[in-house]
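User: Could we go through this structure together? I would like to look at one residue first and then turn to the protein interior.

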Amino acid sequence: MTEEIKKLKEWTSHSDNIVFFGGAGVSTESGIPDFRSTDGIYNQEYDYPPETILSHSFYEENPEEFYRFYRNKMLYLDAKPNAAHKKLAEWEAAGKLKAVITQNIDGLHQKAGSKNVLELHGSVLRNYCTKCHQFHGVEVVQHSKSVPLCSCGGVIKPDVVLYEEGLDSGVLSRAVSAIRHADVLIIGGTSLTVYPAAGLVQYYRGTKLAVINKSSLGRGADLTITQPIGEVMAQL
Ligand code: CNA
């Protein structure tokens, strides 16, 4: 065990107010590609950059292309939680962790057993009709050949925050409050480049900010670990 991991273990073993803030890198060890790693979605061949396809205006103007990309690149329904998701759920059950704040939309934290998950960008598992507002499971989107439609004829939209769309203010304020009151804040598997989510970090007031990220974020953390997050969390 490295000195950094030893230190994080010491912090987390003495705390009952850990908050975790994570991104796509938390799920790469579950086989879901992130956006910005070398094998991430940004480096795969596609007609448009993901930020363009996953924007509200693109969704409105090219719904068939949006759903083609979405079905191919955003749905990993067989993925299983890895050691990072599991450790966070274990800490919550033991009364040590207050919240998981995630930019991920894959539902893996809940699959691992976490209860207080603040999904800043929504979830692929929830989908709703834009006309009659009925909720639908992900299968309707997964198995649709083109734009998924409700029995009422309305378009079914994933409950996922697209670029150009606003975040849920209730989720955002709960995230701010959790971070503001956290003792240990662990930021993991995120490039911290997507706003407003990335700006949440500024609300932390403590002195135990740990970053676990494969690439350096170049920010003033109290502890930085540049190893795969699942491997790190398995040792805590
Ligand atoms: P990102 O910009 O792709 O950054 C991921 C970061 O994680 C990078 O800095 C990587 O170096 C790092 N990383 C990758 N694998 C690991 C690992 N095993 N251990 C530690 N670090 C690792 O992703 P962000 O979350 O920062 O960007 C925000 C977007 C990506 C959000 O809007 C998400 O909805 C979106 N996204 C989500 C998923 C998902 O739900 N699993 C997948 C792909 C993209």
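**Asp106 and the nonpolar cores**

Analyst: Please note that this is a predicted model. Leaving aside neighbours within four places in sequence, Asp106 is in contact with Ser27, Ile32, Val124 and Leu125.

User: Where does Asp106 lie?

Analyst: Asp106 is in the loop that runs between strand E2 (97-102) and helix H6 (108-112).

User: Is Asp106 buried or exposed, and which side chain of opposite charge is nearest?

Analyst: Asp106 is buried. The nearest side chain of opposite charge is that of Lys111, 8.4 Å away, and Asp106 has no salt bridge.

User: What polar contact joins its side chain to that of Ser27?

Analyst: The side chains of Asp106 and Ser27 are joined by a polar contact of 2.6 Å. In addition, a polar atom of the Asp106 side chain lies 2.9 Å from the backbone nitrogen of Leu108.

User: Changing topic: how many residues are in the largest nonpolar core?

Analyst: That core has 23 residues, and Phe21, Ile101, Leu120, Leu185, Ile187 and Leu200 are those with the most contacts inside it. Two or more residues each come from strand E1 (18-22), E2, helix H8 (169-181), strand E7 (184-188) and strand E8 (208-212).

User: Which element gives the most?

Analyst: H8 gives the most to this core, with 5 residues.

User: And what is Leu200 in contact with?

Analyst: Beyond its neighbours within four places in sequence, Leu200 is in contact with Phe21, Ile101, Leu120, Leu172, Ala175, Val176 and Ile179.

User: What does the second core include?

Analyst: The second core is separate and has 22 residues, including Ile5, Trp11, Val117 and Leu236.

How values were computed:
Residues are numbered from 1 along each chain as its sequence is written. This is a predicted model: local features need pLDDT of at least 70, side-chain atom pairs count only at pLDDT 80 or more; totals for chains, interfaces and linings use all residues. Side-chain values use heavy atoms; hydrogens and water are left out. Helices (H or I, at least four residues) and strands (E, at least two) are DSSP runs, numbered from the N terminus. Buried means under 20% relative accessible area, exposed over 50%, partly exposed in between (1.4 Å probe, protein chains only). Lys and Arg count as positive and Asp and Glu as negative; His and the chain ends are not counted. A salt bridge is a side-chain nitrogen of Lys or Arg within 4 Å of a carboxyl oxygen of Asp or Glu. A polar contact is a pair of N or O atoms within 3.5 Å; within protein, one must be able to donate a hydrogen and the other to accept it, and residues adjacent in sequence count only if both atoms are side-chain atoms. Contact means heavy atoms within 4.5 Å. A nonpolar core is a set of buried Ala, Val, Leu, Ile, Met, Phe, Trp, Tyr and Cys residues joined through side-chain atoms within 4.5 Å.
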